Amino acid sequence: MSFRLTYATMFNPPEAMHERFEAAMARVSADLGRRHELFIDGQDRAAADYATRHSPIDSHLSLGEFALANAGDVDTAMRAAHAAFPAWRALPVAERARLMRKVGDLMEERVYDIAAALTLEVGKNRMEALGEAQETVDFFHYYADDYEQNAGFDRPLPNDPLDGVVSRNRSVMRPHGVWVVIAPFNFPFALAGGPVAAALVTGNTVVVKAASDTPWSGRLLADCIRDAGLPPGVFNYVSGSGRDVGEALAHHPLTAGITFTGSVGVGMQLLRQMAGGAYPRPCIAEMGGKNPCIVTANADLERAATGIVRSGFGMGGQKCSALSRLYVHDSVADELIGLLRGKIEAIRIGDARSRENWLGPVINASAYGNYAGYMQQLQADGATVVAGGRQLRDGELARGYYVEPVLAEADLAHPLWKQEMFLPIVMLHRYRDREHAMRLANDTDMGLTAGFYGGSDEVPWFQDRIEAGVTYANRPQGATTGAWPGYQPFGGWKGSGSTGKAIASFYYLQQYLREQSRTVVE
């Protein structure tokens, strides 16, 4: 179909999109319960242990049995990737790019089935799931194009100014070796697939680990790469806990680089580890956000309310880019709160497979329990809960992890202003001086995304002062969320990112390479 799937365009999709998703959900649901193996050295690999995974939509709904890798499996995967590296690195730029495009093309053929699996495994609604699946397609195409357009980052330099001889110089970028990708649960397909595409197209080989809650997504990625015909060992997939599998990968002597998406604590631990040892190795860490939005007296409040709700509560706030801190000018606060309350009350919460439900469950029992704890903390410390606050256990929701979106007005001393909750909870503060609002917005160790609603003449003020890697001004599609490959590079400042370079930016692929200066005298 001619309709283009992106986060920005899917708010009024054609009926054909829904029909295709429903058909895919029927196909995928009919095949639940299978056993899913690891993928190592070009082959499925059985594991010593398996875990049955259930959907957060319904804890009685079994998705299948998924292999749990052990240290031996990790070692086999790493050695396979290491053995495959010389031949993969030696392939011409055009050939690696061709294979990446082939992976992307296969994903696009399966995009509805992948999205249906994401809905079942993560609990995201069909629009979020389709967006993630298509975004991953675009990563494979975008990075292939970028690498080719830059001729593999092979640059001729001026000859040395010598008489009587020719001394030719070049700068070339070379891959590191075996690259480890550790993916999160919230975007398990895109935040595995994007780094995998970048590492592979630049000539590294890869071992990827899925999050414990979302092993199915990693296996679907492995299926696409297998069917594209990449040589054995170039890509390997393992699943299991971070404590067992993640640490084994990070400590493995063949690990040449890591891309990690997850918590600040784990990301900082990996950074220190990769910087230690005999020599420092690259670590690309995207480590979350505590994302603010400022609303001035000149804002279009309807537009602001729409964007705030989408960014604060989409996918249950389980995005590193989700809005969690809202600073509203006192003169418009009551009106905006009224609009927000109405939009929050209108949100349909329930089984994410159903078209009418915009908000599905949170990922697991731990997140569900954390929600209750945060609500108790808000109320105990004097916050005013403007909307939401209940765990939903009635009827068909009783077997899932469903909660209401929360808008709470809280004193600035409340500790939750500083804590990334990763749940649909937005805290609000009224301000009178915009410079004070900016100081509050920047008063965090993280700096991933930030939003702004105000007059067009105020936008440069916001952009020049905000400390965040991704900024949105007057955007109804999302106050702080919705980056897409080729349109918005995505990366954080301060504690939100380790490199200062953004996903799908002009500078991303170079992070998977190291420079070599070559001089040859003829």
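**Close-up 1. The open sheet of seven strands in this predicted model**. Read from one edge to the other, the strands of this open sheet follow the order β15-β18-β19-β14-β13-β21-β22, and their pairing is mixed. The edges are formed by β15 (384-387) and β22 (470-473), each of which pairs on one side only. From one strand to the next, the twist averages 25 degrees.

**Close-up 2. The pairing of β14 with β19**. Strand β14, which spans residues 323-329, and strand β19, which spans residues 425-431, run in the parallel sense and are joined over five bridges. Within this pairing, Leu-326 has Leu-428 of β19 as its bridge partner.

**Close-up 3. Helices α11 and α13 against the strands**. Helix α11 (residues 330-345) lies across β13 (291-295), β14, β15, β18 (406-409) and β19, and runs at about 140 degrees to β14. Helix α13 (residues 434-442) also packs on the sheet, where it touches β13, β14 and β19, and its direction makes about 170 degrees with that of β14.

**Close-up 4. The crossing of helices α4 and α7**. The axes of α4 (residues 111-122) and α7 (residues 215-227) come within 9 Å and cross at roughly 165 degrees; because angles over 145 degrees count as roughly antiparallel, the two helices are described as roughly antiparallel to each other. Their crossing is right-handed. On the α4 side the contact is made by Ile-114, Ala-117, Leu-118, Leu-120 and Glu-121, and on the α7 side by Pro-215, Trp-216, Ser-217, Leu-220 and Cys-224. Taken together, the residues of this contact divide into eight nonpolar, one polar and one charged.

Definitions and conventions: Residues are numbered from 1 along each chain as its sequence is written. This is a predicted model: local features need pLDDT of at least 70, side-chain atom pairs count only at pLDDT 80 or more; totals for chains, interfaces and linings use all residues. Side-chain values use heavy atoms; hydrogens and water are left out. Axes are lines fitted to C-alpha atoms, for helices over the stretch in contact, and angles run from 0 to 180 degrees between N-to-C directions. Helices (H or I, at least four residues) and strands (E, at least two) are DSSP runs, numbered from the N terminus. Angles under 35 degrees count as roughly parallel, over 145 as roughly antiparallel, 65 to 115 as roughly perpendicular and the rest as oblique. A crossing is left-handed if the near helix is turned anticlockwise from the far one by less than a right angle, and right-handed if clockwise. Contact means heavy atoms within 4.5 Å. Ala, Val, Leu, Ile, Met, Phe, Trp, Tyr, Cys and Pro count as nonpolar, Asp, Glu, Lys and Arg as charged, and the others, Gly among them, as polar. Two strands pair if DSSP finds at least two bridges between them.
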